[in-house]
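User: I am new to this structure. Please take one buried charged residue and the parts around it, and go through them closely in one connected answer.

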Amino acid sequence: MTPANDQAFMQRALALAGRGACNTTPNPSVGCVLVRHGVIVGEGYSQPVGQAHAEVMALREAGAAARGATAYVTLEPCSHYGRTPPCADALIAAGVTRVVAALTDPNPLVAGQGLARLAAAGVAVESGVLRAVALEHHKGFLSRMLRARPWLRIKLAASLDGRVALKDGQSQWITGQAAREDVQRLRARSCAMLTGIGTVLADDPQLTVRLPQPEPWHGRQPLRVVLDSGLRLPTTARLLAQPGVLVVGMRDGPNRVALEAAGAEVLLLPAAGQGRVDLAALLAELGRRGMNEVTVEAGGTLAGALLQAGLVDEVVLYQAPVLLGQGMPMAEFSLDRLADRLVPTVLSRRLVGADERIVLRFTQVDSLCKESP
């Protein structure tokens, strides 16, 4: 198999991995392609947690044709028993003779052991094909494995003059329908949505995924997380209409019993200056709960606090071609010197309807992973 063919088949595996990106929490969404004599004989991608992994799905499709095939996988096959048996063993049993992985798995339960098990069984192994693309796809899982916290993005919708709302809080709608639909796709791939009590009291958002069909989404809703130091969340909030709400405060209050009766989980975390919840502790807790990617939809206070704390990996900004004048800023934080300004990398720019979608990076994905191809 030529390197060019390896890249083409890995590209297909990565495309398949994208189909499961909204449904596999806390597992990574992996893609697998089985190729024999230059022809694809089986394909698969990760199913929801507890169901078959990508390799098993591809082997099922290939059947007997898997014997003598090459498997292209976006992440090293697992070598341990979790909710399902090891995929490395399944590939060996099926008679696959070569495995090409885009990345080794940083999970301590795997961490090279899957490829080592394959090699010990006489299977030719290789890693690093389209590594950069795979790092981008798996960034949330890599973040959780290597930093013990999720990949954190802030979603912002703003005017040309940097306002997210008028002075009285009006914000619906600054951006157009196409941008709002794109935000739904961001929510779908997020394991959790994070907001502040101020946003909930002002806007009463749902923070659920509402995607048109067909979409690569099978109904999994992200965990909705509300930072609410004093446990002020009303039990009538629309957030509570569906299960999966975590209210994070610093001190107990009389509303706790009512919130729990309404279906919310209440978590108390320590404070970290200015009477605010320790944001780093919150991200560590979300990582412990298996959250790979977290998206923030909040006002300027929370956005600014996260930025100033250096906890933001990415900003996705939808900038509308409108001017609002005096209003609420995107982020509220202070700097003593211009030299201390935050300078993210501009990853991409494209139009979504009439609005510009700008992705800004504070964390380079390849810095998360210490492996070399």
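Analyst: Two residues are said to touch, or be in contact, when heavy atoms of one lie within 4.5 Å of heavy atoms of the other. The model is a predicted one. The part chosen here is Glu293, which sits in strand β12, residues 293–296.

Not counting residues up to four places away in sequence, Glu293 touches Lys139, Gly140, Pro150, Trp151, Arg153, Arg189, Ser190, Cys191 and Ala192. Is Glu293 buried or exposed? With a relative accessible area of 4%, Glu293 is buried, because buried means under 20%. One of its contacts is also polar: the side chain of Glu293 meets the side chain of Arg189 at 2.7 Å.

Two of the touching residues, Lys139 and Gly140, belong to helix α6, residues 139–147, and are among its buried residues. The others buried in α6 are Phe141, Leu142, Ser143 and Arg144. After α6 comes Ala148, which has a positive phi near 60 degrees.

The next topic is charge. Side chains of opposite charge can pair when their charged atoms come close. The count of salt bridges in the model is 24. One of them joins Lys155 to Glu297, with the closest N and O atoms 3.9 Å apart. This pair links distant parts of the chain, since Lys155 is in strand β6 (residues 151–158) and Glu297 is in the loop between β12 and α11 (300–308), 142 residues apart. Lys155 has a relative accessible area of 15% and is therefore buried, the limit being under 20%. Glu297, at 12%, counts as buried too.

Glu297 has another partner. Its side chain meets that of Arg187 in a salt bridge, 2.9 Å from N to O. Glu297 is in the loop between β12 and α11, while Arg187 is in helix α7, so the pair ties together parts that are 110 residues apart in sequence. Both Glu297 and Arg187 are buried.

Which residues are joined with Glu293 by salt bridges that share partners? They are Glu136, Lys139, Arg153, Arg189, Glu314 and Arg361, and together with Glu293 they form one network. Of these, Lys139, Arg153 and Arg189 also appear among the residues that Glu293 touches.

Helix α7 (residues 177–189) takes part in a further salt bridge: Arg357 pairs with Asp182, the closest N and O atoms being 2.7 Å apart. Arg357 is in strand β16 and Asp182 is in α7, with their positions 175 residues apart in sequence. Arg357 and Asp182 are both buried.

That leads to strand β16, residues 355–361, where six of the seven residues are buried. β16 pairs with two other strands. With β13 (residues 314–319) the pairing is antiparallel and has six bridges, and Leu317 has Ile358 in β16 as its bridge partner. With β15 the pairing is antiparallel as well and has seven bridges, and Ser348 stands opposite Val359 of β16. The hairpin of β15 and β16 has two residues between the strands, and Gly353 there takes a positive phi near 65 degrees.

Beyond the loop that holds Glu297 comes helix α11. Why is α11 called largely enclosed? Seven of its nine residues are buried, so the rest of the structure encloses most of the helix. Those buried are Gly300, Leu302, Ala303, Gly304, Ala305, Leu306 and Leu307. They pack against β6, β8 (192–196), β9 (223–227), α10 (279–288), β12 and β14. β12, the strand of Glu293, is therefore one of the elements in contact with α11, contact meaning heavy atoms within 4.5 Å. Just after α11, Gly310 has a positive phi of about 70 degrees.

Glu332 also touches α11 residues: its contacts, leaving out residues up to four places away in sequence, are Gly300, Thr301, Gly304 and Ala305. Glu332 is found in the loop between β14 and β15 and is partly exposed at 45% relative accessible area. Leu342 lies in the loop between β14 and β15 too, and at 34% Leu342 is partly exposed. Together with Phe333, Leu335 and Phe362, Leu342 forms a nonpolar surface patch with about 300 Å² of accessible area.

Key:
Residues are numbered from 1 along each chain as its sequence is written. This is a predicted model: local features need pLDDT of at least 70, side-chain atom pairs count only at pLDDT 80 or more; totals for chains, interfaces and linings use all residues. Side-chain values use heavy atoms; hydrogens and water are left out. Helices (H or I, at least four residues) and strands (E, at least two) are DSSP runs, numbered from the N terminus. Buried means under 20% relative accessible area, exposed over 50%, partly exposed in between (1.4 Å probe, protein chains only). A polar contact is a pair of N or O atoms within 3.5 Å; within protein, one must be able to donate a hydrogen and the other to accept it, and residues adjacent in sequence count only if both atoms are side-chain atoms. Patches are made of residues with over 30% relative accessible area and no salt bridge: like charges are joined within 9 Å, nonpolar side chains (Val, Leu, Ile, Met, Phe, Trp, Tyr) within 5 Å. Accessible areas come from the Shrake-Rupley method with a 1.4 Å probe; for residues, only the protein chains shown count as cover. A salt bridge is a side-chain nitrogen of Lys or Arg within 4 Å of a carboxyl oxygen of Asp or Glu. Two strands pair if DSSP finds at least two bridges between them.
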